[in-house]
Amino acid sequence: MARRRITGFSNPTVKALRALREKKHRRRERRFLAEGLRLLTDARENGRIPETLVMAEGRDPHPLVEALEQAVTRVGGEVIEVPVEILAKITGKDNPQAVVGAFAEWDTTLAALDRSAAPIWLVAQALRDPGNLGTMLRTGDAVGAGGLILIDDCADPFSVEAVRASMGAVFTQAIVQTRWEGFLPWLRNGPGQLVAASLRDAVPYRSAPYEAPCFVMVGNESQGLPEDYEAACDLRVTMPMRGRADSLNAAVAAAVLAYEVLASLEI
């Protein structure tokens, strides 16, 4: 398929791509944007090919861009070339990167997860900051987690901010969006230790008896986990606060716990 060149800001394709920056349009179209050669290459290497590839005119040739274009063409996608000004309109950035991809969202259900596929899984409840969500995806990739399970009303994992913060991990991690009343019965229907940072009947995180598969759960940034959620955990751990702060950032806490779990399991 030949490239299509678009030069008008009012072009319907440009408007549709730009609209994907808003959650309501992403949900309606079930598509999302990812920007930058590194992110799109990570996607391609993990079998995620954009339905639409948008490239800036006048960019320097690059073999990775050529590989992306070939991959998109091979699966019947669309390759579009636009002036930098239009790319800026699509991304909402004054200095956009040279390539942007529009991807179809994918669904992963709890039933489709193989909990034995990884020794550790990350779980977030009511996480509202897309940067934190993206950081948790990145952490999951770093520790070899099976994926990220989002419980209740979390930020959109396919928002521009979350995708950017994930540094490509959105394409490597399984992502499940569910509710507590669906997650807990699923977890109890097989092996799995649910662990949360807590101050209620907690043990020091460095000496806790972790078991695989371990599901490390963090709560809302300002309110933490609901008390009944904590009560349902198999293990509650506490991390020392040696300064004036009384807690860690949710994504940071998840990372600290995840690495401790790996060390404990000698992985």
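## Arg5 and Glu57

In this predicted model, Arg5 counts as exposed, because its relative accessibility of 56% lies over the 50% cut-off. Its side chain meets that of Glu57 in a salt bridge, with an N to O distance of 2.4 Å. The two residues belong to distant parts of the chain, Arg5 being in strand β1 (residues 4–5) and Glu57 in the loop between β3 (52–56) and α4 (63–74), 52 residues apart. Glu57 counts as partly exposed, at 24% relative accessibility.

## Glu230 and Arg200

A salt bridge also joins Glu230 to Arg200, and here the closest N and O atoms are 2.6 Å apart. Glu230 lies in helix α9 (residues 227–231), while Arg200 is in the loop between β9 (193–197) and β10 (203–204), so the pair ties together parts that are 30 residues apart in sequence. Is Glu230 buried or exposed? With a relative accessible area of 7%, Glu230 is buried, because buried means under 20%, whereas Arg200, with a relative accessible area of 36%, is partly exposed.

## The network and the salt-bridge count

Arg3, Arg59, Glu69 and Glu81 are joined into one network by salt bridges that share partners. Side chains of opposite charge can pair when their charged atoms come close.

Another salt bridge is formed by Glu29 with Arg28, the closest N and O atoms being 3.1 Å apart. In this pair Arg28 is exposed, with a relative accessible area of 56%, and Glu29 is partly exposed, with a relative accessible area of 40%. For the model, the count comes to 15 salt bridges, among them the pairs of Arg5 with Glu57, Glu230 with Arg200 and Glu29 with Arg28.

## Helices α1 and α5

Two packed helices are described by the angle between their axes and the distance between the axes. Helix α1 (residues 12–19) and helix α5 (residues 84–91) have axes that come within 7 Å and cross at roughly 40°. This makes α1 oblique to α5, because angles under 35 degrees count as roughly parallel and those from 65 to 115 as roughly perpendicular.

On the side of α1, the contact is made by Val14, Leu17 and Arg18, and on the side of α5 by Ile86, Lys89 and Ile90. By residue class, the contact of α1 with α5 divides into 4 nonpolar residues, no polar residues and 2 charged residues.

Conventions. Residues numbered from 1 in each chain as written. Predicted model: local features only at pLDDT ≥ 70, side-chain atom pairs only at ≥ 80, totals over all residues. Heavy atoms only, no water. Salt bridge = Lys/Arg side-chain N within 4 Å of Asp/Glu carboxyl O. Helix = DSSP H or I, 4+ residues; strand = E, 2+ residues; numbered from the N terminus. Buried < 20%, exposed > 50% of the residue type's maximum accessible area, 1.4 Å probe, protein only. Axes fitted to C-alpha atoms, helices over the stretch in contact; angles between N-to-C directions. Parallel < 35°, antiparallel > 145°, perpendicular 65-115°, else oblique. Contact = heavy atoms within 4.5 Å. Nonpolar A, V, L, I, M, F, W, Y, C, P; charged D, E, K, R; others polar.
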